[in-house]
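The following exercises concern burial, charge pairing and backbone geometry. Each task sentence is followed by a solution in steps.

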Amino acid sequence: MSRIAFIGLGNMGLPMALNLIKAGHAVAGFDLSRDALDQLKQEGGSIAASASEAAAGAEIVVTMLPAGHHVRAVYTGEGGILAAAAPDTLFIDCSTIDVDTARAMADAAEDAGHRAVDAPVSGGVGGAAAGTLTFMVGGPDSAFAAAEPVLAVMGKTIVHCGAAGTGQAAKICNNMILGISMIATCEAFALAERLGLEADKLFAVSSKSSGQSWSLTSYCPVPGPVPTSPANRDYQAGFAADMMLKDLKLAQAAASSAGAQTPLGATAAQLYSLYSAAGQGGKDFSGIIRFLRGER
Ligand code: NAD
C-alpha cells in the first residue's frame, strides 16, 4: 500500500483514483471542485486542502489535469507540488499535454530531487472506470519501474515509450492517425452516397480491403455496419470532437516545435476546428461526416 496524492478528480481522474482506493492505497485528493472531493471522500479517500498539502504527505503524486498550463501551475507555480513534496517522490502526470511542457516538468522534477514520468492515457471514461486504460509512458527506466505497478491498477496495457515526453508524443501521434483516418473514412462514405453505393456494401468491401482501419471497422461513422459506433446514437460522444481537436492542436504544436511536416494533420485540425465552431464540439468526432456532407 502506498500513500498517493491524486490531483484533478474530473471525468477521468475520479474513477482512476477510486480504482487506487479499491486496490488498498491511501489516496488523498485535491480538485477545485467540491463535488469531486465529496465523491472521493464517500468512496474512502481523504480530502486535502490544497495540491501542496496532498503532495506533502505522499510517496506518489498522480495528476490528471486539463492542459499543459494547469500542470505547469500545479507543479511549479505558487504552492507548487514539486517544492512541497518530500525528496524522491514519484510524480506521474496522466494529463494529455504538450510535449515541451511535459519535458520541462520532468526536468523541474529531477532538479527538485524527484522522479517523474509522463503517462497519458487512451481508453476514455469507460476505460478509467473499468481499470482498462492504456498508458503511454515517458521517463527514465527507474521511474518507469516505480510507476508501473500503480499504473497497472488503473490500466491494462502499459507501454514504456522512451525518455521524458515520449508518452505524450505517442499519444498525439496516435490521435493524429485517428483524426486523419476518421476524416478519410467519412469522406469515402459521403462520396459513396453520392455515387449510389450503399454504405453496407462499401463497408463489406473496405473492411476486407486495403482501406481497412479502426475508424472503419470499430467506429464506423455511418449507422448500421458497426452497431456499437456512435453513428447509431446520433453521434453522442464517445470521444468528443473538441477532445480530438485538442489532441490535433497538440500534434501541430509539436510538429512546429520539432520541424516535422504534417500537412494532413494540419488539415485535420482545421476541419475539426470548423466542425467545433459550427457548434458540434460536444458531439462524437465521427459526426464530422455530417459536416463533410454539408449538413448542420
Ligand atoms: P475534466 O475537465 O473532467 O477534469 C479535470 C479536472 O481538473 C477538473 O475536475 C478540474 O476541476 C480539475 N482542475 C483544474 N485545475 C486544477 C487545479 N489547479 N488544481 C486541482 N484540480 C484542478 O477532464 P478529463 O476528461 O478528466 O480529462 C483530464 C485529462 O485527460 C485531459 O488532459 C484530457 O485530454 C485527458 N483525456 C481525457 C479523456 C476523456 O475521455 N475524458 C481520454 C483520454 C485523455
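Is Y235 buried or exposed? At 4% relative accessibility, Y235 counts as buried, where buried means under 20% relative accessible area, exposed over 50% and partly exposed in between (1.4 Å probe, protein chains only).

The model is predicted: local features need pLDDT of at least 70, side-chain atom pairs count only at pLDDT 80 or more, and totals for chains, interfaces and linings use all residues. Residues are numbered from 1 along each chain as its sequence is written, and side-chain values use heavy atoms, with hydrogens and water left out.

**Exercise 1. Characterise the backbone at D234 and Y235.**

Step 1. Locate the residues. D234 is placed in the loop between α11 (214-217) and α12 (241-258); helices (H or I, at least four residues) and strands (E, at least two) are DSSP runs, numbered from the N terminus. Y235 also lies in the loop between α11 and α12.

Step 2. Read phi. For D234 it is near 55°, a positive value in a residue other than glycine. For Y235, likewise not glycine, phi is positive and near 60°.

Step 3. Assign exposure. D234 has a relative accessible area of 42% and is therefore partly exposed, while Y235 is buried at 4%.

**Exercise 2. Describe the surroundings of D284.**

Step 1. Locate the residue. D284 sits in the loop between α13 (263-280) and α14 (288-292).

Step 2. Search for a charge partner. D284 is buried yet has no salt bridge, a salt bridge being a side-chain nitrogen of Lys or Arg within 4 Å of a carboxyl oxygen of Asp or Glu. The nearest side chain of opposite charge is R233, 5.6 Å away; Lys and Arg count as positive and Asp and Glu as negative, with His and the chain ends not counted.

Step 3. List the contacts (heavy atoms within 4.5 Å). Leaving aside neighbours within four places in sequence, D284 touches several residues, among them Y219, P230, Y235 and Y275.

**Exercise 3. Analyse the salt bridges.**

Step 1. State the principle and the total. Side chains of opposite charge can pair when their charged atoms come close. The structure holds seven salt bridges.

Step 2. Examine R3 and E59. Their side chains meet in a salt bridge at 4.0 Å, N to O. This pair links distant parts of the chain, 56 residues apart, with R3 in strand β1 (residues 3-7) and E59 in the loop between α3 (51-56) and β4 (60-63). R3 is partly exposed at 41%, and E59 is partly exposed at 35%.

Step 3. Examine R115 and D88. The salt bridge between these side chains spans 3.2 Å, N to O. R115 belongs to strand β6 (residues 115-118) and D88 to the loop between α5 (81-84) and β5 (90-93), so the pair ties together parts that are 27 residues apart in sequence. R115 is partly exposed at 27% relative accessibility, as is D88 at 42%.

Step 4. Identify a network. E295 and R293 form a salt bridge through their side chains (3.4 Å, N to O). Salt bridges that share partners join E193, R293 and E295 into one network.

**Exercise 4. Determine the position and exposure of Q270.**

Step 1. Locate the residue. Q270 is in helix α13.

Step 2. Classify the residue. Q270 counts as exposed because its relative accessibility is 54%.

Step 3. Relate Q270 to E198. Their C-alpha atoms are separated by 29 Å, and the two residues are 72 residues apart along the chain.
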